[in-house]
There are 2 protein chains.
Amino acid sequence: MKLKDDRKVELIYQAALKLVARKGLAGITMGDISREAGIATGTLYVYFTGKDELINALFACSRANSVQVAFRGYDASQPFKPGFRTVWMNILRYKLQHFEEVVFVEQCFHSPYITAETREKARELAAPFFELIERGQQEQLVKQADTSLLLTFIMGALNELVKQTHYSNETLSKRKIDLTFNLCWDALKA
Amino acid sequence: MKLKDDRKVELIYQAALKLVARKGLAGITMGDISREAGIATGTLYVYFTGKDELINALFACSRANSVQVAFRGYDASQPFKPGFRTVWMNILRYKLQHFEEVVFVEQCFHSPYITAETREKARELAAPFFELIERGQQEQLVKQADTSLLLTFIMGALNELVKQTHYSNETLSKRKIDLTFNLCWDALKA
DNA sequence: AAGGTAAGCGAATAATTATTCATTTAAGCG
DNA sequence: CGCTTAAATGAATAATTATTCGCTTACCTT
């Protein structure tokens, strides 16, 4: 008996991400995905029941990935600012390196594909970010404003920075990164 | 002879915007648009040569609208900060009131519909915003950083705020708006 | 008021795209 | 090694969707 190949799922994901970043969710077909992945169209249906499931699975996977790396190297016993900086940098680095996921997730948000359930699971993943900001507020280092508002502000700015960087296709210099972190910090700080 | 009806174009635009905000660019068909607009599918082709042209036209129109209102009430002879505040508020108000345009423009950016030409015209429209930030820099009120970086940061944060507000469907209180303006200002200020 | 012209219509058609399926291929197992 | 079973294939089919077209309706002109 022949077994399913986990690397093939990854191949399909990469193909879909690449195509969505290039042509948007509105521009991809199952045929495009299979061609890009170098497999037959029918094979997509071995791994997913259909286009909807493929996209929901990829969405869930993309969200999970980006959260997973965010707290790498973060140590709650460190002072807040450097800890926050670590997380902020992790997110920025991840988004720059996985630009296609950024675009894909954005496009999915207003699409007929993502189910309420998938959406809800994505929301739950954001909990650690809330806790991080709340810690800063407890230590009087961060403004005493609605936590969700602060997070939204930071994430929006970060996301746009990543997109802008990509369009202008220049690499973000260390200097510019530090500068942008300062913008964020100045915005947040009490 | 019967003449084309400008109000009908507006009707079509509104229908398309509403549907894209609800189901994304990937989720709309010409049939959906005509049904939502209350006209026959064939009539769409009286006003537009096809789906591509319709979407390009709506994109151009959406971008132009949002820029047009931004400088309403701005007076360059006023001090910088209140002037900047006026523009910032105009943008926020417009985006909140025209949420559907925000989503539509975002979805269009990575789509097969928007042509390079349409994209370029949209970019040119942003010139006044650059000038505004540059003025603040000349007056030493705004950080001496890459103007484009500062703009990106602000616009990204604003956009995300609008989206988040919409999802949580609460109206943004005066207090929250002032708070967010302060985040922006603290980020920008030298 | 009548004629001409283009808007408006929506069913029919064309084009595209998702999905299925009969067949082939290849991995695991005895 | 052969046998079994599921993956893999891609052409065929089904479903969806863009676009066309013959016809009707309403507006403008004279």
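**Exercise 1. Phosphate contacts of DNA strand D**

Task: In this predicted model, find how far a polar side-chain atom of A:Tyr47 lies from a phosphate oxygen of DNA strand D.

Solution.
- Start with A:Tyr47. One of its polar side-chain atoms sits 2.5 Å from a phosphate oxygen of DNA strand D.
- Go on to A:Thr43. An N or O atom in its side chain is 2.7 Å from a phosphate oxygen of that strand.
- Cross to chain B. A polar side-chain atom of B:Lys51 lies 2.7 Å from a phosphate oxygen of DNA strand D.
- Assign the elements. Helix H3 (41-47) of chain A gives two or more residues to the surface near DNA strand D, as do helix H2 (30-37) and helix H3 (41-47) of chain B.
- Rank them. H3(A) provides the largest share, 4 residues.
- Widen the view. DNA strand D is surrounded by 22 residues, and A:Lys8, A:Thr43, A:Tyr47, B:Met30 and B:Lys51 are the closest.
- Look at the DNA side. Of the strand D atoms that come within 4 Å of the protein, 77% are accounted for by sugar and phosphate.
- Sort the surface near DNA strand D by residue class: 10 nonpolar, 7 polar and 5 charged.

**Exercise 2. DNA strand C**

Task: Determine which residues are the closest to DNA strand C, and which element gives the most to the surface near it.

Solution.
- List the neighbours. Among the 22 residues around DNA strand C, the closest are A:Met30, A:Lys51, B:Met1, B:Lys8 and B:Tyr47.
- Check A:Met30. Here a backbone N or O atom is 2.6 Å from a phosphate oxygen of DNA strand C.
- Check A:Lys51. Its side chain places an N or O atom 2.8 Å from a phosphate oxygen of the strand.
- Check B:Thr43. The side-chain distance to a phosphate oxygen of DNA strand C is 2.9 Å.
- Assign the elements. Helix H2 (30-37) and H3 of chain A, together with H3 of chain B, give two or more residues to the surface near DNA strand C.
- Rank them. H3(B) gives the most, with 4 residues.
- Split the DNA atoms. Within 4 Å of the protein, 76% of the strand C atoms belong to sugar or phosphate, and the rest to bases.
- Sort the residues near DNA strand C: 10 nonpolar, 7 polar and 5 charged.

**Exercise 3. The interface of chains A and B**

Task: Describe the contact between chain A and chain B by residues, by area and by salt bridges.

Solution.
- Count residues. Chain A contributes 36 and chain B 37.
- Take the area. About 3400 Å² is buried between the chains, with 69% coming from carbon and sulfur atoms.
- Find the main contributors in chain A. A:His110, A:Phe153 and A:Leu183 lose the most area to chain B, together 23% of what that side buries.
- Count polar links. There are 11 residue pairs in polar contact (both at pLDDT 80 or more) and 4 salt bridges.
- Map the chain A side. Helices H1 (6-23), H6 (99-109), H9 (147-167) and H10 (174-188) each supply at least two residues.
- Rank them. H9(A) gives the largest share, 10 residues.
- Classify that side: 20 nonpolar, 9 polar and 7 charged.

**Exercise 4. Salt bridges around B:Asp186**

Task: Decide whether A:Lys143 and B:Asp186 are buried or exposed, and trace the salt bridges of B:Asp186.

Solution.
- Begin with the pair. The side chains of A:Lys143 and B:Asp186 form a salt bridge at 2.8 Å, N to O.
- Locate the ends. The pair crosses between chains, from the loop between helix H8 (127-138) and H9 of chain A to helix H10 (residues 174-188) of chain B.
- Apply the cut-off. Buried means under 20% relative accessible area.
- A:Lys143 has 15%, so A:Lys143 is buried. B:Asp186 has 18%, so B:Asp186 is buried too.
- Add the other partner. B:Lys189 also bridges to B:Asp186, with the closest N and O atoms 3.1 Å apart. B:Lys189 is partly exposed at 37%.

**Exercise 5. A buried arginine**

Task: Place B:Arg135 in its element and list what B:Arg135 touches.

Solution.
- Locate B:Arg135. It lies in helix H8 (residues 127-138) of chain B.
- Test burial. Its relative accessibility is 15%, so B:Arg135 counts as buried.
- List contacts. Not counting residues up to four places away in sequence, B:Arg135 touches B:Tyr74, B:Ala76, B:Gln78, B:Pro79 and B:Phe80.
- Add the polar partner. The side chains of B:Arg135 and B:Glu139 make a polar contact at 2.7 Å.

Methods: Residues numbered from 1 in each chain as written. Chains lettered and ligands numbered in written order. Predicted model: local features only at pLDDT ≥ 70, side-chain atom pairs only at ≥ 80, totals over all residues. Heavy atoms only, no water. Contact = heavy atoms within 4.5 Å. Buried area = accessible area lost by both parts, 1.4 Å probe. Polar contact = N/O pair within 3.5 Å; in protein donor to acceptor, adjacent residues only side chain to side chain. Nonpolar A, V, L, I, M, F, W, Y, C, P; charged D, E, K, R; others polar. Near = heavy atom within 4 Å. Buried < 20%, exposed > 50% of the residue type's maximum accessible area, 1.4 Å probe, protein only.
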